[in-house]
Amino acid sequence: MSNLSEERILNEFLELTAIDSVSYHERQMADCLTKKLVELGFVVEEDDAGSHYGGSAGNLYGYLKGELPGEPILLSAHMDTVQPGIGKKAVVKEGGRIESVGETVLGSDDVSGIVEILEGIRSVKEAGLLHRDIEVLFPIGEEMHIRGSAVFDFSRIRAKEAYVLDMSGAIGSAALQAPSLLTFEIQVIGKAAHAGFEPEKGIHAIRVMSEIICRLKLGHVDEETVMNVGQIEGGVTTNIVPASCICRGEVRSYNHEKAVRVIKSVEQTARETAEEFGADARVDTMVQMETYRIDETYPVVQRFVAACSDLEISCELRRTFGGSDNNNFVKNGIHGIVLSCGMYQVHSKEEYTFLSDMGTWATLGGKLITDEVFS
């Protein structure tokens, strides 16, 4: 598409990454994207997702009528970033590599995806090419276990297939399978005592929690399931036997029933271990997202493979252990796949992207929305 502009891509990326948009504080980003979508001819609506979480903005949905026959196509990238994400500043290095100055994340997760969607649509319109009906969904709170899209009214979506731009790696990678993710919080209730004068009268909650964690099978439970404990906190001061300790963790699995069984074993281990020490254990669990697998024969996959082939982009179909808004799309009957948008080392201060990757995906996106094959 001759109307693709790397200068415009760069300027828009720098503009959007400069916006503070950590989870549940996406107001400025939503306002900016609403304006851009309206300029492209979209009818834009914002829901009340933010009110569910004390947030400042809702999910953005846009619809653009096209000229080609067939079902609409849904493109999606989330508006929020992880912390540290306040005061982000990008710097352009040699070869078009874009990095954070180092004090925050860059925000290419998921601004890269947003910019690629916008530029792909913009370049198609400027070239005067016919395109399918296009729907876009820019959710809030994706980094908070996809909670923004979890409360979206999917009856508003007309598309039966979706491309979600939210995966690391070179352009051309597509994830057809993602795991269930279940979280757990264990609270051990022990008994406080003076650590110097009468420690034997206490029940050491941190000691009990340590034993619980040691009995859990962390890391790879099996070839399709992993478990992790990522947070632990407890105690008041050094001279008191701690009466309380809390740990938080998660289980991911390509087999939902297996993930549920592992979570139940966590509950059982916590309660039995606490009982051995005369303590109590309270366990809260939550299903954050459910596994899915999209078959390679589905049109959404075949369209992507064909587009990559036509553009001579190396294509890789794989699975991921990461979650995304696509888990909610599939749960609501939409055949979606997650695509790499050229972001690297995300969720870290070393995060980076390449201008060339964003241009490549914008060209690929233009191909996807203008191709009548598989309609």
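**Notebook: Arg-8, the helices and the strands**

Started with Arg-8, and looked for its contacts beyond four places in sequence: Arg-8 touches Asn-3, Glu-119, Arg-122 and Glu-126. Note to self: this is a predicted model.

Arg-8 sits in helix α1. I looked up its exposure, and Arg-8 counts as partly exposed, at 23% relative accessibility. I also checked for a polar partner: the side chains of Arg-8 and Glu-126 make a polar contact of 2.8 Å. For a sense of distance, I took Arg-8 against Thr-297, 289 residues apart along the chain, and got 36 Å between their C-alpha atoms.

**Thr-17**

Stayed in α1, since Thr-17 is found there too. Is Thr-17 buried or exposed? Its relative accessible area is 2% and the cut-off for buried is under 20%, so Thr-17 is buried. A polar atom of the Thr-17 side chain lies 2.8 Å from the backbone oxygen of Phe-13. Leaving out residues up to four places away in sequence, I listed what Thr-17 touches: Lys-88, Ala-90, Leu-106, Gly-107 and Val-111.

**Helix α2**

Next I checked the length of α2, residues 27–39. Its 13 residues should span 18 Å at 1.5 Å a residue, and I find 19 Å between the end C-alpha atoms, which agrees. Which residues of α2 are buried? I get Met-29, Ala-30, Cys-32, Leu-33, Lys-36 and Leu-37. Around the axis they cover an arc of only 165°, so they lie on the same side of α2. The general rule behind such a pattern: an α-helix has 3.6 residues a turn, so residues three or four places apart point the same way.

I then looked at the face turned away from the buried side of α2, and the exposed residues there are Lys-35 and Glu-39. What covers the buried residues of α2? The cover includes helices α1 (6–17) and α3 (108–126), along with strands β1 (43–46), β2 (60–64) and β6 (134–138). After α2 comes Gly-41, with a positive phi near 100°.

**Helix α3**

α3 was on the cover list for α2, so I looked at it next. It has 19 residues, and I get 25 Å from its first C-alpha to its last, close to the 27 Å expected at 1.5 Å a residue. Burial came out at 17 of the 19 residues, so α3 is largely enclosed by the rest of the structure. A glycine with positive phi follows α3: Gly-128, near 70°.

**Strand β3**

Looked at both faces of β3 (residues 73–76), and both are covered. Ile-73 and Leu-75 are buried on one side, Leu-74 and Ser-76 on the other. β3 runs parallel to β6, joined by four bridges, and Ile-73 has Ile-134 of β6 as its bridge partner. β3 also runs parallel to β7 (residues 161–168), again with four bridges. There, Leu-75 is the bridge partner of Tyr-163.

**The five-stranded sheet**

Last stop, the open sheet: its five strands come in the order β11-β12-β14-β9-β15, with antiparallel pairing. Which strands stand at the edges? I find β11 (219–222) and β15 (280–289) there, each with a single partner strand, so one side of each has no neighbour in the sheet. From one strand to the next, the twist averages 25°.

I picked the pair β9 (residues 180–189) and β14 (residues 244–253) for a check: ten bridges join them, and they run antiparallel. Across that pair, Ile-186 stands opposite Cys-247 in β14.

Methods:
Residues are numbered from 1 along each chain as its sequence is written. This is a predicted model: local features need pLDDT of at least 70, side-chain atom pairs count only at pLDDT 80 or more; totals for chains, interfaces and linings use all residues. Side-chain values use heavy atoms; hydrogens and water are left out. Helices (H or I, at least four residues) and strands (E, at least two) are DSSP runs, numbered from the N terminus. The expected span of a helix is 1.5 Å times one less than its number of residues. Buried means under 20% relative accessible area, exposed over 50%, partly exposed in between (1.4 Å probe, protein chains only). The arc is that of the directions from the helix axis to the C-beta atoms. Contact means heavy atoms within 4.5 Å. A polar contact is a pair of N or O atoms within 3.5 Å; within protein, one must be able to donate a hydrogen and the other to accept it, and residues adjacent in sequence count only if both atoms are side-chain atoms. Two strands pair if DSSP finds at least two bridges between them. Axes are lines fitted to C-alpha atoms, for helices over the stretch in contact, and angles run from 0 to 180 degrees between N-to-C directions.
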